Each structure stands twice: as structure tokens, then as C-alpha cells.
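Reader: I am new to this structure and would be grateful for a close look at one part of it. Please take the charged side chains and their surroundings as the subject.

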Amino acid sequence: MRILMIEDEKYMAEAVAQVLKKNNYTVDLAYNGEDGLDCGLSDIYDIIILDIMLPKMDGISILKELRKNGIETPVILLTARGEIEDRVRGLDSGADDYMSKPFHTDELLARLRALGRRKSELINDGILKYGDIELNPYTLQLQCGDKETVLTLKESQLLELLIKRKGMIVSKENIIEKLWGYDTDAEDNRVEIHVSLLRKKLAQLDSGIYIHTIRGAGYALKTKDGK
Ligand code: CA
């Protein structure tokens with residue numbers, strides 16, 4: 001499980017990260033709202049731990065922005081004790097859970113396990129739809145009407161990312177992060193290769209969906225009838 005923690009209290013964030021790492025989680029830290037949002041948008045995390053009061057961009061705005069961009073990563077909000085309004089706003093904005101600060105790391109670990117379980121329950125019903133296509137990211141099957149094909153893992157991850165953005169542009173950098181992770185020297189042309197393979201499979205299925213290239217910006221899903 002890969003966790004993103006967005007928290008400006010560095011000492012506290014690092015202490016929590018150490019405990020999580022000991023419990024076999026992979027943890028990335030962001031110390032301000034803008035960096036946190038950038039990381040979150042990469043959609044490579046299983047859970048995001050999000051503080052509300054942050055420099056540059058507050059937690060609630062980050063959460064709204066993530067949900068607006070189709071990122072459905074479970075979010076645990078960190079609130080100061082007694083800030084009931086923040087909790088309500090957070091849950092309304094799409095948070096999955098919240099914790100009052102200061103908290104005990106045992107409680108955080110319990111909540112992470114609970115969210116992890118909920119995520120694996122969702123897996124059974126995780127079919128993604130866009131236009132006339134249906135992708136099952138767990139079996140890698142791509143369906144269009146009565147035609148079906150099987151994608152490679154990378155093609156499926158790429159299509160999943162494009163579907164979740166609902167027709168909005170996905171940058172090459174985002175794709176590289178999602179398919180190969182941060183610590184990678186994957187080149188742009190590897191993205192182009194997978195885009196071109198996926199295009200061929202969509203064409204084989206006679207799908208009305210295609211991958212549009214926006215030069216210098218990235219890729220987006222479009223429908224041939226322009227809807
Ligand atoms: Ca803070």
C-alpha cells in the first residue's frame with residue numbers, strides 16, 4: 001500500500017511516516033498544499049492522509065480538486081480537535097474518514113486497515129465505463145458492445161487514467177508516474193508506444209472512443225461523434 005501524507009508539521013509527519021514504514025506501508029510526504037495536490041493528481045496512491053490547515057492551498061480545496069479530476073483515492077482528513085465544521089465540510093467534499101489531532105498512530109493504523117479493506121471490496125465492482133467502452137482493470141478485459149479484447153497491464157493502467165479524467169487532458173508526466181512510478185527514467189516515447197498500442201485495440205473494437213493528442217500538453221479521450 002502506497003500512502004501520501006500531506007502535512008506541514010514536518011516533525012510530526014516524519015514521525016508518523018516512520019511508524020507507517022515499519023508497518024510495511026510505502027509513504028511519500030508533501031509539506032505544502034500545492035505539492036500535495038500535484039502528488040495526489042498522479043493517482044498512484046492507495047490512501048491519502050490530508051491535513052486541513054496547510055500553506056499554499058488548504059486541505060479541503062485539495063480534496064475538492066482531486067475529486068473534480070476523478071481521483072477517487074480514499075482520503076483521511078486530519079482536523080484540529082473540536083473543528084466540527086471542518087469535518088462536515090470535509091466529508092461533504094468527499095473525504096472518507098477523519099481523525100482529530102493529536103492522534104495515536106495505533107488509531108491511524110486501524111483506520112488505514114479499515115480503508116484498505118473497503119478498497120478491496122470495491123474491486124469486485126470496479127468496472128470503468130466511458131462512452132461505449134467498459135474496462136475491467138482487474139481482469140484487463142476491454143469490452144465494446146459484443147466485442148472484447150484483453151489489454152496489457154500498462155495499456156489498462158493508461159486507459160484507466162484517461163477514463164477517470166473523463167475527457168480531460170492527462171499529461172505525459174502523469175502517465176509516466178502512474179505507469180512506472182516516480183523513481184523512473186521512463187522516456188516520453190514509451191508513453192507514445194503504449195498510446196499507439198491502445199489506439200489500435202480501440203480501433204479493433206470499432207469503439208466510438210479515441211485517444212486525442214494535444215500537442216505539448218498530453219492526451220484525452222474523445223468520442224468520434226464529438227459528444
Ligand atoms: Ca497544518
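To begin with a single residue, is E192 buried, partly exposed or exposed, and what is its relative accessible area?

Author: The model discussed here is a predicted one. E192 has a relative accessible area of 40%, and it is therefore partly exposed, since that class lies between 20% and 50%. The partner of E192 in a salt bridge is K172, and the closest N and O atoms of the two are 2.5 Å apart. This pair links distant parts of the chain, as E192 belongs to helix α8 (residues 188-204) and K172 to helix α7 (residues 172-180), 20 residues apart. K172 has a relative accessibility of 18% and so counts as buried, the limit being under 20%. The bridge thus joins a partly exposed residue, E192, to a buried one, K172.

The pair is part of a wider set, for the structure holds 13 salt bridges. Another of these is formed by the side chains of E65 and K68, with an N to O distance of 3.6 Å. Both residues lie in helix α3 (residues 59-68), and because they are 3 residues apart, about one helical turn separates them. E65 is partly exposed at 26% relative accessible area, while K68, at 57%, is exposed.

A further salt bridge brings together the side chains of E7 and K101, at 3.1 Å from N to O. E7 is found in the loop between β1 (2-6) and α1 (10-22), and K101 in strand β5 (residues 97-101), so this contact ties together parts that are 94 residues apart in sequence. Both E7 and K101 are buried. These two residues also belong to a network of salt bridges that links E7, E9, D51 and K101.

D51 leads on to the calcium ion, whose protein donors are D8 (OD), D51 (OD) and M53 (O), lying 2.1 to 2.3 Å from the ion. The spacing of these donor residues in sequence is D-x42-D-x1-M. D8 sits in the loop between β1 and α1, and M53 in the loop between β3 (47-51) and α3, so that D8 and M53 link parts of the chain that are 45 residues apart. D8 counts as partly exposed, at 31% relative accessibility, whereas M53, at 60%, counts as exposed. D51 therefore appears in two settings: it is a member of the salt-bridge network and a donor of the calcium ion.

Methods. Residues are numbered from 1 along each chain as its sequence is written. This is a predicted model: local features need pLDDT of at least 70, side-chain atom pairs count only at pLDDT 80 or more; totals for chains, interfaces and linings use all residues. Side-chain values use heavy atoms; hydrogens and water are left out. A salt bridge is a side-chain nitrogen of Lys or Arg within 4 Å of a carboxyl oxygen of Asp or Glu. Helices (H or I, at least four residues) and strands (E, at least two) are DSSP runs, numbered from the N terminus. Buried means under 20% relative accessible area, exposed over 50%, partly exposed in between (1.4 Å probe, protein chains only). Donors are N, O and S atoms within 2.8 Å of the metal (3.2 Å for Na, K and Ca); water is not among the atoms, so sites may look incomplete.
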